[in-house]
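Hi,

Here is the structure I said I would pass on to you. Have a look at it first, and then read my notes underneath.

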Amino acid sequence: MIASRFALLASLCFVTAACAEETLTVRLSDAAWNGKKVPADQVCKKFGSTNAASPALLIEAIPAGADALIVSFNDETYAPMDKGGHGVLRYAHNQSATAQLVSVPGETDNLPAGVVAHIKHRGTGWSGTGGAYLPPCSGGRGNTYTLNVAAVKMQADASTVAETLATGKITIGNY
């Protein structure tokens with residue numbers, strides 16, 4: 001199971017810009033997230049948060065033909081949770097040049113309409129919870145949390161990525 005997740009991540013080619021033709025502009029659109037420090041109430045349940053959620057995002061410069069946006073949540077300080085370790089979400093996209101991505105609740109499989117778990121988070125042993133997205137969960141050790149966004153064209157069956165059109169990255173904060 002884990003090997004297939006890594007193979008899927010490698011095949012998507014969205015964690016680096018090496019395969020992308022263009023660069024996305026990614027901005028935090030939630031005032032609580034400043035890109036420097038993770039908000040105290042937006043960490044995993046293990047460290048006291050009860051309603052943590054991912055930051056809302058504004059994505060710009062989305063190329064024509066993109067029918068989905070894939071967001072990979074990473075802890076760059078802790079290798080086992082880097083490269084999508086905190087979850088990989090797929091947002092349906094209407095092929096416009098901009099998109100406002102809604103916040104997603106942490107540690108649950110109950111996601112907003114138009115959002116699916118592309119790959120669930122890998123921290124179940126550490127956090128004690130499952131779900132699509134795991135909020136920052138380092139216990140305040142100063143880890144750096146980032147996310148990668150890929151504008152993609154999905155295969156006709158919507159199960160796999162046919163082409164990565166553009167990528168972008170942003171730091172969401174340290175915790």
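Below is what I found, going from the whole chain down to single residues.

One thing to keep in mind from the start: this is a predicted model.

**The chain as a whole**

The protein chain has 175 residues, and 47% of them are buried. You will find 2 helices and 9 strands in it. If you walk along the sequence, the order is α-β-β-β-β-β-β-β-α-β-β. As for contacts, take those with a separation of 6 or more: 70% of them are between residues 24 or more positions apart. The accessible surface adds up to about 7900 Å², and carbon and sulfur atoms own 53% of that.

**The sheet**

How are the strands of the open sheet ordered? There are 6 of them, in the order E1-E9-E8-E4-E5-E7, with mixed pairing. E1 (22–23) and E7 are at the edges with a single partner strand each, so each has one side without a neighbour in the sheet.

Let me take you through part of that order, starting at E8. This strand covers residues 144–154 and runs antiparallel to E4, with 8 bridges joining the two. If you want a spot to look at, Ala 68 sits opposite Val 152 in E8. On to E5: E4 and E5 are also antiparallel, joined by 5 bridges. Here Leu 69 has Tyr 91 of E5 as its bridge partner. Then comes E7 (residues 115–119), which pairs with E5 over 4 bridges, again in the antiparallel sense. In that pair, Arg 90 faces Val 116 of E7 as its opposite number.

Why call E5 largely enclosed by the rest of the structure? Because 4 of its 5 residues are buried. While you have the strands on screen, a general reminder may help: side chains in a regular strand alternate between the two faces of the sheet.

**Three buried residues in loops**

I picked out three loop residues to look at one by one.

Leu 24 is in the loop between E1 and E2 (25–28). Its relative accessibility is 5%, so Leu 24 counts as buried, the cut-off being under 20%. Beyond its neighbours within four places in sequence, Leu 24 has contacts that include Ile 59, Glu 60, Ala 61, Ile 62 and Pro 63, and also Val 149, Ala 150 and Ala 151. Ala 166, Thr 167 and Gly 168 are among its contacts as well. Ala 166 is worth a click: it is 142 residues away from Leu 24 along the chain, yet their C-alpha atoms are separated by 6.0 Å.

Pro 55 belongs to the loop between E2 and E3 (57–60). Is Pro 55 buried or exposed? At 2% relative accessibility, Pro 55 counts as buried. Leaving out residues up to four places away in sequence, Pro 55 touches Leu 28, Trp 33, Ser 103 and Ile 172. From Pro 55 to Asn 34, C-alpha to C-alpha, is 9.8 Å in space and 21 residues in sequence.

Asp 82 is in the loop between E4 (68–75) and E5 (88–92). With a relative accessible area of 16%, Asp 82 is under the 20% cut-off and therefore buried. Apart from residues up to four places away in sequence, it touches Asn 74, Asp 75, Glu 76 and Arg 122.

**Pocket and cavity**

The largest pocket holds about 190 Å³ of space. Its lining is made up of Asp 75, Tyr 78, Pro 80, Met 81, His 86, Trp 126, Leu 134, Cys 137, Ser 138, Arg 141, Asn 143 and Tyr 145. By class, that gives 7 nonpolar, 3 polar and 2 charged residues. Asp 75 in this lining is also one of the residues that Asp 82 touches.

Searching the whole structure turns up 1 cavity of 30 Å³ or more. The volume of the largest cavity is about 30 Å³. Which residues line the largest cavity? They are Phe 73, Asn 74, His 86, Tyr 133, Leu 134, Pro 136, Tyr 145 and Ile 172. Of these, 6 are nonpolar, 2 are polar and none is charged. His 86, Leu 134 and Tyr 145 appear here and in the pocket lining too. Ile 172 also lines the cavity, and you met it above as a contact of Pro 55.

Best wishes

Technical notes:
Residues are numbered from 1 along each chain as its sequence is written. This is a predicted model: local features need pLDDT of at least 70, side-chain atom pairs count only at pLDDT 80 or more; totals for chains, interfaces and linings use all residues. Side-chain values use heavy atoms; hydrogens and water are left out. Buried means under 20% relative accessible area, exposed over 50%, partly exposed in between (1.4 Å probe, protein chains only). Contact means heavy atoms within 4.5 Å. On a 1 Å grid over the protein atoms alone, a cavity is a set of points where a 1.4 Å probe fits but cannot get out, and a pocket is an open set with protein on both sides within 12 Å along at least five of seven lines; lining residues have an atom within 4 Å of a point. Grid points are joined across faces, edges and corners, and a volume is the space filled by probe spheres set on the points. Ala, Val, Leu, Ile, Met, Phe, Trp, Tyr, Cys and Pro count as nonpolar, Asp, Glu, Lys and Arg as charged, and the others, Gly among them, as polar. Accessible areas come from the Shrake-Rupley method with a 1.4 Å probe; for residues, only the protein chains shown count as cover. Two strands pair if DSSP finds at least two bridges between them.
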